[in-house]
Amino acid sequence: MWTEVLDATYLDGYRILVKFNDGIKKVVDLANVIKQYPVFKPLKDLTLFKQFTVTDTLEWDNGKIDIAPEYLYDNGVAA
């Protein structure tokens with residue numbers, strides 16, 4: 001089965017509650033990803049960070065920035 005994001009809700013800081021296609025919900029904190037990888041640097045701006053869209057994963061800035069759903073799944077904490 002492919003891992004896909006079905007829904008997501010902003011929580012606080014850089015944390016997002018993500019619901020996956022297997023019914024599992026996880027809280028993902030992206031603070032370290034944003035600090036570590038230059039491609040995510042624009043997301044330091046919380047206004048932009050909060051403007052994600054759900055496709056089969058999370059995207060920002062009309063798809064210019066996205067993150068693998070497998071990363072979200074593997075690094076999230078059960079909600």
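**View 1. Pairing of β4 with β5 in the predicted model**. Strand β4 pairs with strand β5, residues 58-60, in the antiparallel sense. Two bridges link β4 and β5. On β4, Thr 53 has Glu 59 of β5 as its bridge partner.

**View 2. The open sheet of three strands**. The strand order is β4-β5-β6. Pairing in this sheet is antiparallel. β4 (53-54) and β6 (65-67) stand at the edges. Each of these edge strands has a single partner strand, so one side of each is left without a neighbour in the sheet.

**View 3. Asp 56 in the loop between β4 and β5**. This loop joins the picture of the sheet to that of the surface charges. Asp 56 has a relative accessible area of 40%. The residue counts as partly exposed because that class lies between the buried limit, under 20%, and the exposed limit, over 50%.

**View 4. A patch of negative charge on the surface**. Five residues are shown: Glu 4, Asp 56, Asp 66, Glu 70 and Asp 74. Asp 56 brings the loop between β4 and β5 into the view. Asp 66 falls within the span of β6 (65-67), an edge strand of the open sheet.

**View 5. The hairpin of β1 and β2**. Strand β1 covers residues 5-12, and strand β2 covers residues 15-20. The two strands run antiparallel and are joined by six bridges. Asp 7 stands opposite Lys 19 in β2. Two residues lie between the strands of the hairpin. Gly 13 takes a positive phi near 50 degrees here.

Terms used:
Residues numbered from 1 in each chain as written. Predicted model: local features only at pLDDT ≥ 70, side-chain atom pairs only at ≥ 80, totals over all residues. Heavy atoms only, no water. Pairing = 2+ DSSP bridges. Helix = DSSP H or I, 4+ residues; strand = E, 2+ residues; numbered from the N terminus. Patch = residues over 30% accessible without salt bridge, like charges linked within 9 Å, V, L, I, M, F, W, Y side chains within 5 Å. Areas by Shrake-Rupley, 256 points an atom, 1.4 Å probe, with all protein chains shown as cover. Salt bridge = Lys/Arg side-chain N within 4 Å of Asp/Glu carboxyl O. Lys, Arg positive; Asp, Glu negative; His and termini not counted. Charge placed at Lys NZ, Arg CZ, Asp CG, Glu CD. Buried < 20%, exposed > 50% of the residue type's maximum accessible area, 1.4 Å probe, protein only.
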